[in-house]
Amino acid sequence: MVEGVNRLVEELFPTLLSWRRDFHKYSESGWVEFRTASIVADRLSGWGYEVKAGPEVIHPEGRMGVPDESFLAQQEQRAREQGAIAKWLPHFSGGFTGVVGILDTGRPGPTVAFRVDMDALDLQESDAPDHIPAAEGFASVNPVMMHACGHDAHTTIGLGLAYVLSQLKDELRGKIKLIFQPAEEGVRGAKSMVDAGVVDDVDRFFACHIGIGVPLGEVACGTSGYLATTKVDVTYTGVASHAGGHPEDGKNALLAAASAVLNLHSIARHSGGNSRVNVGVLHAGSGRNIIPHHASFKLETRGETSEVNEYTLARAMEIIEGAAAMYGVESNVRIVGKANQCAPSPELLPFIRSQAEKVAEVVSVVDQFQTSGSEDATYMMERVQAKGGLASYLAFGTTLAAGHHNERFDIDEKVLPIAVKTLALCALCAHES
C-alpha cells in the first residue's frame, strides 16, 4: 500500500507543480473561483468521481460576503477568457463555486471526507525580481487577487489526493468525499456547504493547511487555537448639510462611526478566554465643509471560544446601535463572515500520526500544534463531531518566502507530495481508525 502511494505520488510530482503554479497564476478570490472550480470538477469527473457542484453543495442562504451580481458576472467572463472549462461554468454562475467529488467503493467502510479551500486573497502580488513567482512567470495575472495563504497548494493537494485514490480504488473501503470549498478567506464559505448537508454522512473528516509556522518535513496531526470570529460591515446614513451655514440641520455619520470605533476597541474582556476586536477599514465624508451623511467601517470580533466571541459581538452590536442613536443616524449591519471554535478529536490523532510516520519525507510528527487566526473548516468539524464522527485539522510544514497574507508569500513545493501521501494513507487505512 505504502509503495503504491509512493510510486503514484512521485510520478505525479511534476504535475503537482504544474497545477499549483497554474492556480497561482490565475488566482481567484472568494465566490469567483470559476476557473479553479471548473478545472477541479472536470478532473474529478474524468477520474471517475461522482461530481456535485454549485447549488447542490452550496446553500444560498448560508453564503456570506457574496460580491454583487455585476462583479460576479464580470469575473465569470474573465474566467471563461482564462481557460475555464465551459461545460462546468453554468453550475457555478452567481458565485456558487463549490465542488464535491464522491468515490463510492461499494464495500463496507466509513465515509471519509477531505476538505481543501480554493480562494485567493484580495491582495496585489509583488513583482519584485527576486520573488520566485514573478521571476518564473507564474505570479498572479489577476489584479488584487493573490494566493498569499497557500490555497493554490491546498487545491493541488486535493486534486493529487483525488488522482491517487482513483488509481487505488480497489484498496479502499467505504466512501470518499473530496470537498473543494470556496471563500474561506473572510470565513464566508464553509457554513453554506454545511447547510447543504455536505458533511452530514461523514464518519472521518480531515482538513489541512500548509505552513502556518510549521517547518518543512513536520506534520501536525491536529491544530488548536483557531479563534471563533464574526466579520461585520457597518454603514451609517445621516443628513448632509453646510458645515458653516447650517450645521444644526445635519446628522453626522462620521461622528457616529468615530464614536463607535473608539468604543468598540474598549469592550471589556471576558473571563472565559481571550478576545479580539478590530476595525480595519473606515470611510466617511466627502468634503471639509460638509456635514458627512455617510460612513462605513469593517469590523471583526474573535474569541478563544464561541461563547467569548458571541459576548464580544453582542457588546459590539450595542455600541454600533448606541452610536447611531447618539447622532440620529440610521445604521445598517451585515454579517459577512463567521466561524466557530472547534478542537480536533483526540481519538483521531494517533491514527494520523501512524500514517504520517510511514512517509519517508516526514522528519517529525507532533500531535498538536497551537496556532491562531480563524478558519471556517471548524463549521464542518463541528457538524461531523455533533453527529458522532471524528475530525481533525492537519498542518503540513513548509518553508515560506514571507508570511501568510504577504505580497511576497511563496512556498517550498516539496510540501505537496508530503501532504498527498499522508492524506492518501489516511484514506486507505480509515477503516482501521
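Here are four short exercises on the structure above, each with a worked solution.

This is a predicted model, in which local features need pLDDT of at least 70 and side-chain atom pairs count only at pLDDT 80 or more, while totals for chains, interfaces and linings use all residues. Residues are numbered from 1 along each chain as its sequence is written, and side-chain values use heavy atoms, with hydrogens and water left out.

**Exercise 1. The sheet**

Task: Work out the order of the strands in the open sheet of eight strands, and find what packs on the sheet.

Solution:

Step 1. Start with the terms. Strands (E, at least two residues) and helices (H or I, at least four) are DSSP runs, numbered from the N terminus. Two strands pair if DSSP finds at least two bridges between them.

Step 2. Read off the order, which is S1-S2-S4-S3-S5-S12-S6-S11, with mixed pairing. At the edges stand S1 and strand S11 (364-370), each of which pairs on one side only. On average, neighbouring strands of this sheet are turned by 25° against each other, direction ignored. For such angles, axes are lines fitted to C-alpha atoms (for helices over the stretch in contact), and the values run from 0 to 180 degrees between N-to-C directions.

Step 3. Look at the pairing of S3 and S4, which is parallel and has seven bridges. Here Val112 stands opposite Ile176 in S4.

Step 4. Add the helices, taking contact to be heavy atoms within 4.5 Å. Helix H2 (residues 34-46) packs on the sheet and touches S1, S2 and S4, with a direction about 10° from that of S2. Helix H12 (residues 415-428) also packs on the sheet; the strands that H12 touches include S3, S4 and strand S5 (204-210), and its direction makes about 160° with that of S12.

**Exercise 2. Strand S2 and its partners**

Task: Find how strand S2 (residues 99-104) is joined to S1 and S4, and decide whether S2 is mostly covered or open.

Solution:

Step 1. On one side, S2 runs antiparallel to strand S1 (residues 50-53), with four bridges between them. Val99 in S2 is the bridge partner of Ala53.

Step 2. S2 is also antiparallel to strand S4 (residues 175-181), this time with six bridges. Asp104 stands opposite Lys175 in S4.

Step 3. Now check the cover. Buried means under 20% relative accessible area, exposed means over 50%, and partly exposed lies in between (1.4 Å probe, protein chains only). Five of the six residues of S2 are buried, and the strand is mostly covered.

**Exercise 3. Two glutamates in loops**

Task: Describe the surroundings of Glu28 and Glu125.

Solution:

Step 1. Place Glu28 in the loop between helix H1 (2-25) and H2. Its relative accessible area is 0%, so Glu28 counts as buried.

Step 2. Look for polar contacts (pairs of N or O atoms within 3.5 Å; within protein, one must be able to donate a hydrogen and the other to accept it, and residues adjacent in sequence count only if both atoms are side-chain atoms). The side chains of Glu28 and Arg78 are joined by one of 2.8 Å. The Glu28 side chain also reaches the backbone nitrogen of Phe34 at 3.4 Å.

Step 3. Turn to Glu125, in the loop between strand S3 (111-117) and helix H5 (132-135). Its side chain makes a polar contact with that of His131 (2.7 Å) and reaches the backbone nitrogen of Ser140 at 2.8 Å.

Step 4. Check for a salt bridge, meaning a side-chain nitrogen of Lys or Arg within 4 Å of a carboxyl oxygen of Asp or Glu. Glu125 is buried but has none; Arg20, the nearest side chain of opposite charge, is 6.9 Å away. In this count Lys and Arg are positive and Asp and Glu negative, while His and the chain ends are not counted.

**Exercise 4. Salt bridges across the sequence**

Task: Find how many salt bridges the whole structure has, and follow two of them.

Solution:

Step 1. The search finds 29 salt bridges.

Step 2. One of them joins Lys421 and Glu10 (3.3 Å, N to O). Lys421 is in helix H12 and Glu10 in helix H1, so this pair ties together parts 411 residues apart in sequence. Lys421 is buried, at 1% relative accessible area.

Step 3. Another joins Arg408 and Asp130 (3.0 Å, N to O). Arg408 is partly exposed, at 30%, whereas Asp130 counts as exposed, at 55%.
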